[in-house]
Amino acid sequence: QVMSSFAKAAANDNDDGDLASSLSDQVQFIIDDIVLNAKSLSTHRYGCRVVQRAIESCVESQKNAVLEKILTFHEKLAMDQYGN
């Protein structure tokens with residue numbers, strides 16, 4: 001729900017930039033954990049959805065951190081059933 005609220009706030013055309021920034025700061029600990037555990041999350045039945053939502057919902061810098069980590073093991077993901 002946290003990521004969903006963040007996505008709604010970030011996508012809102014009338015959104016205040018400070019709100020998106022504040023929400024970004026509030027979910028940073030989640031992004032840090034996703035980056036730290038990206039390999040195991042990306043190949044887990046439900047964890048892969050967490051990674052997908054982070055990529056879809058986060059601000060650019062957070063999204064880039066997740067994607068850069070994923071690039072370090074992308075070959076494994078190509079062969080994994082959940083590495084979509």
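# Exercises on a Seven-Helix Chain

From the N terminus onward, the elements of the chain follow the order α-α-α-α-α-α-α. The structure is a predicted model, in which local features need pLDDT of at least 70, side-chain atom pairs count only at pLDDT 80 or more, and totals for chains, interfaces and linings use all residues. Residues are numbered from 1 along each chain as its sequence is written, and side-chain values use heavy atoms, with hydrogens and water left out.

## Exercise 1. The chain as a whole

Task: State how many helices and strands the chain has, and what share of its residues is buried.

Solution. Begin with the rule for elements: helices (H or I, at least four residues) and strands (E, at least two) are DSSP runs, numbered from the N terminus. The chain has seven helices and zero strands.

Next, apply the rule for burial: buried means under 20% relative accessible area, exposed over 50%, and partly exposed in between (1.4 Å probe, protein chains only). Of the 84 residues in the chain, 30% are buried.

Finally, consider contacts, where contact means heavy atoms within 4.5 Å. Among contacts between residues at least 6 apart in sequence, 64% join residues at least 24 apart.

## Exercise 2. Charged side chains

Task: Find which residue forms a salt bridge with Arg 53, and describe the surroundings of Lys 63.

Solution. A salt bridge is a side-chain nitrogen of Lys or Arg within 4 Å of a carboxyl oxygen of Asp or Glu. A search of the whole structure yields one salt bridge. Arg 53 forms a salt bridge with Glu 56, and their closest N and O atoms are 3.1 Å apart.

Now locate the pair. Both Arg 53 and Glu 56 belong to helix H5 (residues 47–57), where they are three residues apart, about one turn of the helix. Arg 53 is partly exposed at 41% relative accessibility, and Glu 56 is exposed at 54%. Ala 54 also has its place in helix H5, and is buried with a relative accessible area of 0%.

Turn then to Lys 63 in helix H6 (residues 60–71). For charge, Lys and Arg count as positive and Asp and Glu as negative; His and the chain ends are not counted. Lys 63 is buried yet has no salt bridge, and Glu 60, the nearest side chain of opposite charge, is 4.1 Å away. Beyond its neighbours within four places in sequence, Lys 63 is in contact with Ile 55 and Cys 58.

## Exercise 3. Ser 42 and its contacts

Task: Determine whether Ser 42 is buried or exposed, and which residues it contacts.

Solution. Ser 42 is found in helix H4 (residues 38–42). Its relative accessible area is 4%, so Ser 42 is buried. Leaving aside neighbours within four places in sequence, Ser 42 is in contact with several residues, among them Cys 48, Val 51, Ile 70 and Phe 73. As a distance along the fold, the C-alpha atoms of Ser 42 and His 74 are separated by 9.9 Å, with the two residues 32 apart along the chain.

## Exercise 4. Cysteines

Task: State how many disulfides the structure has.

Solution. A disulfide is a pair of cysteine sulfur atoms within 2.5 Å. By this rule the count is zero disulfides. As for accessibility, Cys 48 is buried at 5% relative accessible area, and Cys 58 is buried at 7%.
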